[in-house]
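Hi,

Here is the structure I promised to pass on. Have a look at it first, and then read my notes below.

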Amino acid sequence: MEQVVKEHGINLEKNILKVTGVTNVESFDSKEVVANLVNNSLLIRGENLTVVDLDIKGQLLVVKGDVASLAYAKKHDKTPFYKKLFK
């Protein structure tokens, strides 16, 4: 049985960012990485960002680059619109 981490951790040292509790990476480019956590999303913005390591089973994301900001956002609800209407 897999253990699901419900919390997350953030460690920024020099130009290496380590995030635990990551369930998926929605998108990434050199200026922004969108990582899904259990309850919300984490937006990582900066310059020259590269995903160095992504371990979904271990729920670890490692990003290298000049991190300028970290922000939380609500996770996108993937429930179809019509199912919400006829609940």
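Leaving out residues up to four places away in sequence, Leu 17 touches Ile 10, Asn 11, Leu 12, Ile 44, Leu 61, Val 62, Val 63, Val 67 and Leu 70, where contact means heavy atoms within 4.5 Å. Leu 17 is found in strand S2 and, at 0% relative accessibility, counts as buried. For the terms here: buried is under 20% relative accessible area, exposed is over 50%, and partly exposed is in between, with a 1.4 Å probe and protein chains only. Leu 17 and Gly 65 are 48 residues apart in sequence, yet their C-alpha atoms are 8.2 Å apart in space.

Before I go on, some ground rules. This is a predicted model, in which local features need pLDDT of at least 70 and side-chain atom pairs count only at pLDDT 80 or more, while totals for chains, interfaces and linings use all residues. Residues are numbered from 1 along each chain as its sequence is written, and side-chain values use heavy atoms, with hydrogens and water left out.

Now the overall layout. The protein chain has six strands and one helix, and along the sequence they come in the order β-β-β-β-β-β-α. Both kinds of element are DSSP runs numbered from the N terminus: helices are H or I with at least four residues, strands are E with at least two. Of the 87 residues in the chain, 24% are buried. Among contacts with a separation of 6 or more, 44% are between residues 24 or more positions apart. The chain exposes about 6,400 Å², with carbon and sulfur atoms supplying 52% of that; the areas come from the Shrake-Rupley method with a 1.4 Å probe, and for residues only the protein chains shown count as cover.

How confident is the predictor? The mean pLDDT (its confidence in each residue, from 0 to 100) is 86 for the chain, and 78% of the residues score at least 70. Among the elements, strand S2 (residues 16–20) has the highest mean, 96, and helix H1 (residues 81–85) the lowest, 56.

Which residues make up the largest nonpolar core? There are twelve: Leu 17, Val 19, Val 22, Val 25, Val 33, Ala 35, Leu 37, Leu 42, Ile 44, Leu 49, Leu 61 and Val 63. Strands S2, S3 (22–28), S4, S5 and S6 each supply at least two of them. By a nonpolar core I mean a set of buried Ala, Val, Leu, Ile, Met, Phe, Trp, Tyr and Cys residues joined through side-chain atoms within 4.5 Å. One of the core residues, Val 22, touches Ala 35, Asn 36, Leu 37, Leu 54, Ile 56, Gln 59 and Leu 61, again not counting residues up to four places away in sequence.

On the surface, Ile 10, Leu 70 and Tyr 72 make a nonpolar patch of about 270 Å². Patches are made of residues with over 30% relative accessible area and no salt bridge; like charges are joined within 9 Å, and nonpolar side chains (Val, Leu, Ile, Met, Phe, Trp, Tyr) within 5 Å. Ile 10 lies in strand S1 (residues 9–13) and is partly exposed at 38%. Leu 70, in strand S6 (residues 60–74), is also partly exposed, with a relative accessible area of 38%. Apart from neighbours within four places in sequence, Ile 10 is in contact with Leu 17, Lys 18, Val 19, Leu 42, Leu 70 and Tyr 72.

How many salt bridges does a search of the whole structure find? It finds one: Glu 32 pairs with Arg 45, and their closest N and O atoms are 2.9 Å apart. Glu 32 is in strand S4 (residues 32–37) and Arg 45 in strand S5 (residues 40–55), 13 residues apart. The term needs a side-chain nitrogen of Lys or Arg within 4 Å of a carboxyl oxygen of Asp or Glu. Both partners are partly exposed, Glu 32 at 25% and Arg 45 at 37%. Between their C-alpha atoms the distance is 4.5 Å.

Last, two backbone oddities. Most residues other than glycine have a negative phi. Asn 48, though, has a positive phi of about 55 degrees; it lies in strand S5 and is exposed at 55% relative accessibility. Gln 59 also has a positive phi, near 55 degrees, but sits in the loop between S5 and S6 and is buried at 8%.

Cheers

Methods: pLDDT = per-residue confidence, 0-100.
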